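Reader: Could you take one part of this model and describe it closely, giving the cut-offs behind each term as you go?

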Amino acid sequence: MNTRPDQPLRLGTRRSKLAMSQSGHVADAVRAVTGRAVELVEITTFGDVSREHLSQIGGTGVFVTALRDALLRGEVDFAVHSLKDLPTAQPDDLVIAAMPRREDARDALVARDGLTFEQLPDGARIGTGSPRRTAQLNHLALSLGKRIETVPIRGNVDTRIGFVRDGELDAVVLAAAGLNRIGRGVEATDLLSVDSVLPAPGQGALAVECLASDTDLIAALGELDDPDTRAAVTAERSLLAALEAGCSAPVGAFADLLADGEIVNEMRLRGVVGTLDGTTLVQLSTTGPVPQSYDEAMALGRELADEMLAKGAAGLMGERSL
């Protein structure tokens, strides 16, 4: 490790309440496995200070660059990212040393009057900053015989839920994992099934990243790694990369493990691409043996992406504007 054993390990984190909560959980786990003190180092990213919509400033990768720069400059020893924020290309000099067990990957609805999605009135105004959610929410509404208006929003959890509390919006959609991590999961009025709305690739998972040269720290952080989570999100991110889509593209993906009794023997990967108005979706799935290596997980994602492209997914990828 880069610091002396008597010095705290420095964990780089975004300043948001959610990021601090996520990093705090990881810090506790790292203290437990290393016996070392861990201090949080707050870093402001471009995505935190810009008020532009994510699709216009380069997608969610804008939250990552400042943390990675701090790692490379030696200002922090490791960093915690929401995995869905990470670009699919991994820098050679950094490594994701751990992907802890994934939280709930689903999207959560926070609606006025405790309404579920099916109970929302025709024409309901729903806030989301995600093209992926926009496409699938519109599609889900159409399947229920109604229309919704999706309204682009930014901001932290308090800000987004505030739009509902103030009556400006009927509902907002957030990651269930984020609500759970800050102790506000009970505020969700509906959890959207992955059968209806596929999450972002890697949603609900965290990435613990450090320098590729820091072999001692890699070994220590590896104690936090969950192999099932790593296999699933690797397949999801492989699909995203093979579609040549960025974090802000309307792509959903979810891999889950299928058990025969108590024996997990297969992984199912589902992917979706859609037009923002929800009228056209390409949604496919593939099932295979649980990947036993990085290469096998990557191959599963590429295989499904090839099938989606053959069904016309490429023609739906160009829609990035909200």
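Author: What follows is a close look at one sheet and at the helix that lies across it.

The model is predicted, so local features need pLDDT of at least 70 and side-chain atom pairs count only at pLDDT 80 or more, while totals for chains, interfaces and linings use all residues. Residues are numbered from 1 along each chain as its sequence is written, and side-chain values use heavy atoms, with hydrogens and water left out.

The sheet is open and has five strands, which follow the order β2-β1-β3-β10-β4 with mixed pairing; strands (E, at least two residues) and helices (H or I, at least four) are DSSP runs, numbered from the N terminus, and two strands pair if DSSP finds at least two bridges between them. At the edges stand β2 (38-43) and β4 (94-98), each of which pairs on one side only. From one strand to the next, the twist averages 35°, where axes are lines fitted to C-alpha atoms, for helices over the stretch in contact, and angles run from 0 to 180 degrees between N-to-C directions.

At the β4 edge, the partner is strand β10 (residues 206-211), and the two pair in the antiparallel sense over four bridges; Ile96 stands opposite Glu209 in β10.

Helix α3 (residues 65-72) lies across β1 (9-14), β2, β3 (78-82), β4 and β10, contact being heavy atoms within 4.5 Å. The direction of α3 is at about 165° to that of β3.
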